[in-house]
Amino acid sequence: MKVLRMVLVFGVALILQSTLVRLVAIESIQPDLILLTLFFIALAEGSYPATIAGFCVGLVQDLYAPQTLGLNALSKSLIGFALGFCRRGMFVEGLIPRSLILFAAVLLHDLLYFLISLWPDIGAGLNRFIFVGLPTALYTAVLGYVIFYFLHRKEQLQPLQDIS
Amino acid sequence: MARLAFWTDRSRPYITVTVAVIVSIVLLTMGPSHQMVVARTAMVTVLAPVQKGISWFHQLGDFLSQNRRLRRLNTELALENQLLREAQLENVRLRQLLSFREREQLNVILLAEVIAREPDRQMNSILIGAGRDRDLRRNMPVVTSRGLVGKIVEVFPRTSLVQLLMDRNCPVSAMIQRTRISGLLSYRGGTAFRLENVPWRMDVREGDQVISSGLGGLFPKGLSLGEVIEVSAQERSLFKDIIVEPSVDFNSLEEVFVIVQPAEQSPEVEP
């Protein structure tokens, strides 16, 4: 059941990422809903499921690219693994620390992604990382903050609704 | 036994990530295979109807204004067409006078809706809503009214995957429209393209239009590619450094046209 739910959530994220996310793009920079979903999965389930989820969703993403099969699978499984470890840390409780970890995760993902995809042109890889990776990480972290905020509020309101 | 189970449980994430990394690296070094094509077809077949539905729903709100805009454009194009027909007749007469071979026509242009983009940082491909059902084939050129977009790399039952010019592995044989100087146009990161292999002595200026040369045999001659925005020549370099701004906005593609060419068409050779 849990796996089915995970597949469904990633499926929705993937479809939204490939269709509607461009509507909220700022100067062609879009938030990464797939990494955002992976972040939630990693925090909820831990390293092992997050690594597998990252690998699978990365592979599906790779199937769209004519040339770079395996690149997203590699970067997302590593990020899923790393994020799963954050679950054990106590610093992921607050809204800002969570957003900062998300920011760092997208940043790390993009560094890996651009360096490998544009290898051996390291200059071009760093250029894409600065001009695409950095703003994408910022956008995703801001969106993540908004989602964390609403989830947090919902959690706070839950007991009151139960009482009434 | 209990110790082994404990160890396996503890090291499970490490084993998983190691396996995932190894498999990913193997996939990265591996070329395109039949299994990959099958997997891609299966995935696109499953996801495409949902993506198509969402794209259609989104475009619904745009239909009224689009209709008005297209009516106006239709009138403008009809007028322009009349002028061009005159020019074409004149061109035919002049070609006959010079004994030039008749230029091949682009037979069929097929409209296809963009239903999904590559869900990735670098947009190298798009998915269009026409495939084997509309007799599309690999390597067919894809254009918009503004110019060349890319080529079809994979055809599925009802959809096709289009490799954009923004993919570094999709260079185009190009030329400067004004001076007919040839070069190779390819994406090199950022928003601009680079026209390579143009000797430093050649006459290229900012503002020059870049079109496809037709030399590769894949893309027809004369499709707009972009405009030269920067020309420089490094010291001791044999070639000019030419930056080209693409004529197509790859981020706002909604409909594209596939140029359906007859299979037997050979690359055009100018006399």
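**View 1. Two domains of chain B meet.** In this predicted model, 13 residues of domain 1 of chain B are in contact with 12 residues of domain 2 of chain B. Contact means that the C-beta atoms of two residues, placed from the backbone, lie within 7 Å. Strand 4 (147-155) of chain B gives the most to the domain 1 side, with 4 residues. That side divides into 7 nonpolar, 3 polar and 3 charged residues. Ala, Val, Leu, Ile, Met, Phe, Trp, Tyr, Cys and Pro count as nonpolar; Asp, Glu, Lys and Arg count as charged; the others, Gly among them, count as polar. Strands (E, at least two residues) and helices (H or I, at least four) are DSSP runs, numbered from the N terminus.

**View 2. Helix 1 of chain B.** This helix covers residues 2-29. At 1.5 Å a residue, its 28 residues should span 40 Å (1.5 Å times one less than the number of residues). The end C-alpha atoms are 39 Å apart, which agrees.

**View 3. Buried residues of helix 1 of chain B.** They are B:Pro13, B:Thr16, B:Val17, B:Ala20 and B:Ser24. Buried means that 20 or more other C-beta atoms lie within 10 Å of the residue's own. These residues pack against helix 3 (47-62) and helix 4 (71-86) of chain A.

**View 4. Chain A touches chain B.** The contact takes 39 residues from chain A and 38 residues from chain B. Helix 4 of chain A gives the most to the chain A side, with 8 residues.

**Notes.** Residues are numbered from 1 along each chain as its sequence is written, and chains are lettered from A in the order written. Local features need pLDDT of at least 70, side-chain atom pairs count only at pLDDT 80 or more, and totals for chains, interfaces and linings use all residues.

Terms used
A residue is buried if 20 or more other C-beta atoms lie within 10 Å of its own, exposed if 12 or fewer, and partly exposed in between; C-beta atoms are placed from the backbone.
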